[in-house]
Amino acid sequence: MHRTWVELDEQALISNIKTLRALSEGARFCAVVKANAYGHGMKEVAQIASRAGVSAFAVDELDDALELRALFPSALIVVIGYVMFHRFAEAIRENIELTVYDREGVLHAETIAASTASAARIHVKVETGTSRQGVLMDDLDDLLLEIGRSKHLVLSGLSTHFANIEDTANPEYASLQFSRFTEAVAAATRHGFSPEFIHCACSAAILLFPDTHGTLVRAGISLYGLWPTPMIEELIRKQNISCDLRPVLRWKTRIAQIKSLPTGTPISYGLTERLKQRSRIAVLPVGYWDGYDRRLSSVGEVLVGGHRCKVMGRVCMNMIMADISAVPKVEKEQVATLIGVDGRHEVTAAELARKCQTIPYEIIARINPLLPRVIVG
Ligand SMILES: *Cc1c(COP(=O)(O)O)cnc(C)c1O
């Protein structure tokens, strides 16, 4: 029994994995579990995924990679984010694959691998237009030459990342990036490399652009049962692609106090909202520290007893208040759903994202990792 917790629907996760694998047959399926598995809980998600046959994981940082390595001695673990040079030795020792994109990175990986007489498996990330991490196309040949000169490096992967593939009204930019990536793959071949993993497909690409799948796909948001954007969902439905994504995460809390308050009573800090009528107010032990966004002040809704209940006044650090006047029978410690289904109603991460003028990725990724994660079968 917890006061505020995250529930993971194991069957939903397994079903999403099956669905996405069916759409990307022929490519290795890599679960993107960065950001604590998008707020779900990295260990919990990786363990379920592993039982469902997933043996490749992408993380943003080395600490996550090391945690996964301890759990899965033979999995493919790729760090897609930045690793500081002083930690290359740990990565190489644990057979964790590093993303590199410059001469310094290549030389450093070679030095460390040579000093331990081991091989370092690297993925070269190519800059195709996201202007984030990656080697510029103009510098790719030099980088490949450098890798060719090294004795301890294995070019395990070649990758890039799309800047605008979720915005399907304009697929032109993604096509441009993909054609640059195709050139990069050709350059690697010219230099005598045949990287095992050619990868650029995130969820939107997995769902809509089979040509981009390469030999490995990186599934993030879709793995968790959420659509990258409402537009992608619409397009999938229009094209009659059979793709049923089921949300994995539910976020719940319990009523800490119930009180009846008269008309005009201000609720929470700043007195920003006053009761328009006599109301019953529930105090819930969750706030922005837990990841319940402060922008949900006076606009968020939680589900209690199958009813939608508005968040009243400001979201506090560790508490919120909700109007439960419409719920006939409420008890202290009764469950309130922050994200999930209760009766005929559902609060989705997408709904909260709209209210916060952000994307569902941010809503779930910011759920405090210290909250308990409970797997429900
Ligand atoms: C986060 C991330 C992904 C996953 O993207 P989704 O849209 O969540 O599927 C894939 N590749 C890279 C490089 C990423 O940073």
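This section describes the surroundings of strand β4 and the ligand site in a predicted model.

Strand β4 spans residues 76-79, and each of its residues is buried. The side chains alternate in direction: Leu-76 and Val-78 point one way from the strand, whereas Ile-77 and Val-79 point the other way. Strand β4 is paired with strand β3 (residues 56-59) through four bridges, and the two strands run parallel. Within this pairing, Ala-56 has Leu-76 of β4 as its bridge partner. The connection from β3 to β4 passes through helix α4 (residues 62-71), forming a β-α-β crossover that is right-handed.

Strand β4 is also joined to strand β5 (residues 97-100), in this case by two bridges and again in a parallel arrangement. Here Val-79 of β4 stands opposite Leu-98 of β5. Together with helix α5 (residues 88-93), strands β4 and β5 make a β-α-β unit that is right-handed.

The ligand is surrounded by 13 residues, of which Lys-34, Tyr-38, Ser-203, Ile-221 and Tyr-361 are the closest. Polar atoms of three side chains may be described in relation to the ligand. For Lys-34, a polar side-chain atom is placed 2.6 Å from a ligand oxygen atom. In the side chain of Arg-132, an N or O atom lies 3.3 Å from an oxygen atom of the ligand. In the side chain of Arg-218, by contrast, an N or O atom is positioned 2.8 Å from a nitrogen atom of the ligand. The ligand taken alone exposes 390 Å², and the protein buries 94% of that area.

Definitions and conventions: Residues numbered from 1 in each chain as written. Predicted model: local features only at pLDDT ≥ 70, side-chain atom pairs only at ≥ 80, totals over all residues. Heavy atoms only, no water. Buried < 20%, exposed > 50% of the residue type's maximum accessible area, 1.4 Å probe, protein only. Pairing = 2+ DSSP bridges. Right-handed = clockwise from strand over helix to strand, strands pointing away. Near = heavy atom within 4 Å. Polar contact = N/O pair within 3.5 Å; in protein donor to acceptor, adjacent residues only side chain to side chain. Areas by Shrake-Rupley, 256 points an atom, 1.4 Å probe, with all protein chains shown as cover.
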